[in-house]
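Reader: I am new to this one. Could you take me through a strand and some aromatic rings?

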Amino acid sequence: MVDTKVTLSGLTLDNPVIPASGTFGFGYEFAEIYDIDILGSLSFKGTTREPRFGNPTPRIAECPSGMLNAVGLQNPGIDKVIEEELPKLRQVFHKPVVANISGFSIDEYVECCGRIDQEEQVGIIEVNISCPNVHNGGMSFGTSPESAAEVTRQVKAVTTKPVYMKLSPNVTDIAAIAQACEEAGADGISLINTLMGMRIDLRRRVPVLKNVTGGLSGPAVLPVALRMVWQVYEAVSVPIIGMGGVSTARDVIEMMLAGATAVEVGAANLKNPLAAKEIIEKLPPLMEELGIGRLSDIIGGAH
Amino acid sequence: MEKREFEVSSNELIASNTWKMNLLGDARSITRPGQFVNIELPGFFLRRPISVCAWRDWEVTIIYKVVGQGTSYMSRLEPGVKLDLLCGLGNGYDVTKAGERPLLVGGGAGVPPMYALAEWLIRDGRQVTVIEGFNTAGEVFYEREFADLGASVRITTADGSVGTRGFVTDAMDGDFTYVYACGPEPMLRAVYDRCADGQFSFEERMGCGFGACMGCTCETKYGYKRICRDGPVLERGEIVW
């Protein structure tokens, strides 16, 4: 009998598999086709202070082994998330959730994180300082060590729950940014958000996405994500939630060997709504095949 | 929504760039005309959302136009090939609003869902008129199939090579109780302007097809809606152009 449990800042998960924010809504579409209580946790749709429509469509473009999205943080706003979405989520998912919070100013991060911190359902706050699809916010906080540290410090000052900073891969030195977050008090690091990209319509000679650029996710980005998780693992001592192109149980093991304690599954959910379930089911036999008794033993095992 | 394996039983060219594919598998999650399936294709990351033309418990018929690499790949699939489908997606048309003499308007690749709708309404005893709009005679399909169901069929072509010359709106005269439409957005808008009430099926680039990714959101008078999940059918009264 293998042990798939992992622990993030004192929160023990039955397994390391967490659907990534923005690919799982608030869970109920998926709860229609499987019991989502099997998940380690789930990171809900990125939430901002105000309701947001997001970007104009088209917001989606296909790529070799992946996709671009430029959704732009569409969400109902923190009031509705707390009043409506979390109670609905509670009906279908009975474990602590990862609350993904985004913002356009430090004040907004502070307000939203402070409020979501009060919610009993929330196990971890994942602060998204890396959304590539919004202007004057999002990623701009995550591309310098100073601003990443500043958001971390101010959010930590108003929260009691573990705070994980979600970092962008669109930087020259991700380890330096992770270190700055750790020094500012971050309890963990989530990475990677999507890689900025674009596609062009040959017939119409215009970008496919109305936003021009979007974030690349899917198997195409797995090697980049692994490299960055590897680098951040060498640079910090707090736990890492690794993500980027994870689609199979093998990818989960690879991500953990690179240094991740838990793993988020993103674009794979969109292609196959049963992806997270299938990964969780395939983990134990794969662990047996690889001679892994306790999954937490392999974290950073390739270093 | 259900995720099911289907087997291609036939796949044939029925008009210019237009293919009809029959798929065998458990289609019982489809409950209303106007719903769609989302088809996984080997070598493509995203599935291809295609409206359901007709269905039985264990069979789905789709008609699709080859417009890109994915649909081109589909056109080369042979009988016997197995495909993974997300089935029973979207809200579909509300057939209870049809009244006695509904008008069904389909433009090009928007014609196929009108077939399942016509079948349903005629079985329900309604007097159905179908307008099919195309660019040219070579694109026309299903004129006889609609007639065989018992619908009154009007064809329009932009170049006048068959039927009424012009657009679907040039054939909309008559006393109809309700309008159902599916087609390119300019057509939907023109039909919208010519009717008092109806339901309109929209198209958008989708990520997942089942409401998770927010890739296909549109604004309506009653808030944001996901074309894949809260649509693709919108009521006339909620549409914001």
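Author: The questions below go from a strand to ring pairs and then to charges over rings. Keep in mind that this is a predicted model.

Reader: How many residues of strand E3 of chain B are buried?

Author: Strand E3 of chain B covers residues 36-40. The strand is mostly covered. Of its 5 residues, the buried ones number 4.

Reader: Which residue stands opposite Phe36(B) in E4(B)?

Author: E4 of chain B is the strand of residues 48-51. E3(B) pairs with E4(B) in the antiparallel sense, over 4 bridges. Across from Phe36(B) in E4(B) is Ser51(B).

Reader: Which residue of E7(B) does Ile39(B) stand opposite?

Author: E3(B) also pairs with strand E7 of chain B, residues 82-89. That pairing is antiparallel too, with 4 bridges. Opposite Ile39(B) in E7(B) stands Leu85(B).

Reader: On to the rings. How many aromatic pairs are there over all chains?

Author: Ring centres must lie within 6.5 Å to pair. By this rule, the count over all chains is 17.

Reader: Are the rings of Tyr93(B) and Tyr180(B) stacked or edge-to-face?

Author: Their centres are 5.4 Å apart. Planes over 60 degrees apart count as edge-to-face. The planes of Tyr93(B) and Tyr180(B) stand at 90°, so the pair is edge-to-face.

Reader: How many residues apart in sequence are the parts that this pair ties together?

Author: Tyr93(B) lies in the loop between E7 and strand E8 of chain B. Tyr180(B) lies in strand E12 of chain B. Both are buried, Tyr93(B) at 0% relative accessible area and Tyr180(B) at 0%. The pair therefore ties together parts whose separation in residues is 87.

Reader: What kind of pair do Phe202(B) and Trp241(B) make?

Author: The ring centres of Phe202(B) and Trp241(B) lie 5.7 Å apart. Planes under 30 degrees apart would be stacked, and those over 60 edge-to-face. These planes are at 50°, so the pair is tilted.

Reader: Is Trp241(B) buried or partly exposed?

Author: Its partner Phe202(B) is buried, at 13% relative accessible area. Buried means under 20%, and exposed over 50%. Trp241(B) has 30%, so Trp241(B) is partly exposed.

Reader: Which ring does the charged end of Lys271(A) sit over?

Author: The lysine belongs to chain A and the ring to chain B. Its charged end is 5.3 Å from the ring centre. That ring is the one of Phe45(B).

Reader: At what distance from the ring centre of Tyr192(B) is Arg236(B)?

Author: Arg236(B) lies over the face of Tyr192(B). The distance to the ring centre is 4.0 Å.

Terms used:
Residues numbered from 1 in each chain as written. Chains lettered and ligands numbered in written order. Predicted model: local features only at pLDDT ≥ 70, side-chain atom pairs only at ≥ 80, totals over all residues. Heavy atoms only, no water. Buried < 20%, exposed > 50% of the residue type's maximum accessible area, 1.4 Å probe, protein only. Helix = DSSP H or I, 4+ residues; strand = E, 2+ residues; numbered from the N terminus. Pairing = 2+ DSSP bridges. Phe/Tyr/Trp six-rings, centres within 6.5 Å; stacked < 30°, edge-to-face > 60°. Lys NZ or Arg CZ within 6 Å of the ring centre and 35° of its normal.
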